[in-house]
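Student: I am new to this one. Can we go through it in questions and answers?
Tutor: Gladly. Here it is.

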Amino acid sequence: ASASENGPHPVIAWGEDEVTCAVPAGYDSVRVLVAVPAAKEGGSAGFDDVSLVEAAGGSAPVTKLGEFELALLGDPPRSAVLSKSGRVLVSGLEFPASAAELTSGSPIERREDGKWTRLVAKDGRALRLVAEAPLARARIATIGATEGGSGFSAHSLDFERADVTDLVLGSGRELLRLKFEKPVRVRGVADGAASRIAIEGELTEVALQHDFGTERTEAGNLAHAARNAEKKSELGTALKVWADLLNGYPYEDALVNEAEATRSRLIQQGLEELRGLRVEVERARFFRLVDLHRQCRDKARAIGARYSPSEVEPEAAAVAAEVEKELVGLEADLMRTERARLSAIHKSLLAQKAEGLAAEVASYLAEKR
């Protein structure tokens with residue numbers, strides 16, 4: 001099916017020899033595409049008659065997903081279109097053998113599982129779709145494992161990311177989540193106001209979520225807890241809770257924006273504290289002050305603990321390790337100087353026949369050996 005000039009991208013309803021498919025909502029015309037697999041060596045193909053026959057009937061059979069409509073196209077179904085109120089939001093969703101494969105993908109089966117709609121392909125090794133303008137303009141985001149920080153990341157139309165567990169498209173009442181069984185690589189390429197998205201990994205199944213009522217409630221609870229933690233100066237807890245919101249419940253725009261802004265502000269605050277501490281470290285280094293070195297080491301560890309878990313923590317650990325290394329060397333230098341001084345005293349006491357005091361000094365030197 002092809003679209004009008006400002007409409008969604010074309011989709012294909014694949015079939016063998018003959019296929020019956022109504023034009024899905026959002027489309028106004030149909031064309032015929034003949035695909036012939038290439039032979040390994042030479043070969044030819046031909047056909048003598050192709051026709052389109054208009055038949056009575058309504059729009060393509062759809063499955064209602066709340067306010068959304070899901071149409072599976074082809075015989076058997078090999079592609080899907082998701083729309084709402086006659087507007088196409090996702091087009092060309094299919095499971096090809098590879099992201100670059102141009103022919104039909106694996107047959108798709110739909111299974112309902114509570115709030116999830118599961119699209120299952122028998123031998124899918126990739127997934128591709130077009131996030132049409134209404135979703136792509138609102139938001140394209142991914143969730144994935146990121147050590148020490150938030151796994152949530154917003155993207156432009158062109159993007160690429162590995163180890164993705166969730167793809168989030170749109171916002172507000174036009175919001176869709178695609179959840180993958182195992183981490184995948186996702187790449188988007190701008191196509192006008194839309195984004196062509198290719199996903200590679202173990203993709204025999206993708207779960208679609210369109211109802212986020214429970215998640216939005218939980219996001220509100222997390223936001224409340226994070227704000228309270230910051231008021232109590234529990235910055236590490238605040239950072240973790242905001243990260244939990246982004247990683248698990250990034251479905252309310254205002255809260256997502258607040259979470260990202262607050263985390264950025266707190267992390268910057270922690271890094272500023274480390275920059276100030278480095279000035280003290282330079283002073284301790286210049287004057288070779290053992291006690292100040294110890295104070296700087298302890299302050300760095302405290303900053304890391306206060307902002308854990310976040311990007312501040314490894315930076316603070318690096319400062320503490322640097323100061324600790326210098327402290328060990330400085331203490332060794334001071335001990336050598338002290339041993340030399342005490343050795344001289346020991347010799348002087350022996351020369352003065354003060355055997356008792358000389359024995360005590362010798363004992364102390366033995367302990368510090």
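Student: Is S233 buried or exposed?
Tutor: Keep in mind that this is a predicted model. S233 is found in the loop between α2 and α3. The cut-off for exposed is over 50% relative accessible area. S233 has 52%, so S233 is exposed.

Student: What is phi of S233?
Tutor: Most residues other than glycine have a negative phi. S233 is not a glycine, yet its phi is positive. The value is near 65 degrees.

Student: Where is D163, a residue with a positive phi although it is not a glycine?
Tutor: The phi of D163 is about 55 degrees. Unlike a loop position, its place is in a strand. That strand covers residues 159-171 and is β10.

Student: Where is P76, which follows D75?
Tutor: The peptide bond from D75 to P76 is cis, with omega near 0 degrees. P76 sits between two strands, β2 (68-74) and β3 (77-84). Its place is the loop between β2 and β3.

Student: Which residue does a cis peptide bond join to S308?
Tutor: Omega of this bond is about 0 degrees. The partner is found in the loop between α5 and α6. It is P309.

Student: Is S91 buried or exposed?
Tutor: S91 lies in strand β4, residues 87-94. Buried means under 20% relative accessible area. S91 has 0%, so S91 is buried.

Student: Which side chain does a polar contact join to that of S91?
Tutor: S91 touches several residues more than four places away in sequence, including H9, Y27 and L129. The polar contact is 2.6 Å. The partner is E132.

Student: How many residues apart in sequence are E273 and R306?
Tutor: Their side chains meet in a salt bridge of 2.3 Å, N to O. E273 lies in helix α4 and R306 in helix α5, so the pair ties together parts of the chain that are apart in sequence by 33 residues.

Student: Which residue meets E324 in a salt bridge?
Tutor: The distance is 2.9 Å, N to O. E324 lies in helix α6 and its partner in helix α5, so the pair ties together parts 27 residues apart. The partner is buried, at 15%. It is R297.

Student: How many salt bridges are found in the whole structure?
Tutor: One of them joins E322 and R285, at 2.9 Å. The search of the whole structure finds 32.

Technical notes: Residues are numbered from 1 along each chain as its sequence is written. This is a predicted model: local features need pLDDT of at least 70, side-chain atom pairs count only at pLDDT 80 or more; totals for chains, interfaces and linings use all residues. Side-chain values use heavy atoms; hydrogens and water are left out. Helices (H or I, at least four residues) and strands (E, at least two) are DSSP runs, numbered from the N terminus. Buried means under 20% relative accessible area, exposed over 50%, partly exposed in between (1.4 Å probe, protein chains only). A polar contact is a pair of N or O atoms within 3.5 Å; within protein, one must be able to donate a hydrogen and the other to accept it, and residues adjacent in sequence count only if both atoms are side-chain atoms. Contact means heavy atoms within 4.5 Å. A salt bridge is a side-chain nitrogen of Lys or Arg within 4 Å of a carboxyl oxygen of Asp or Glu.
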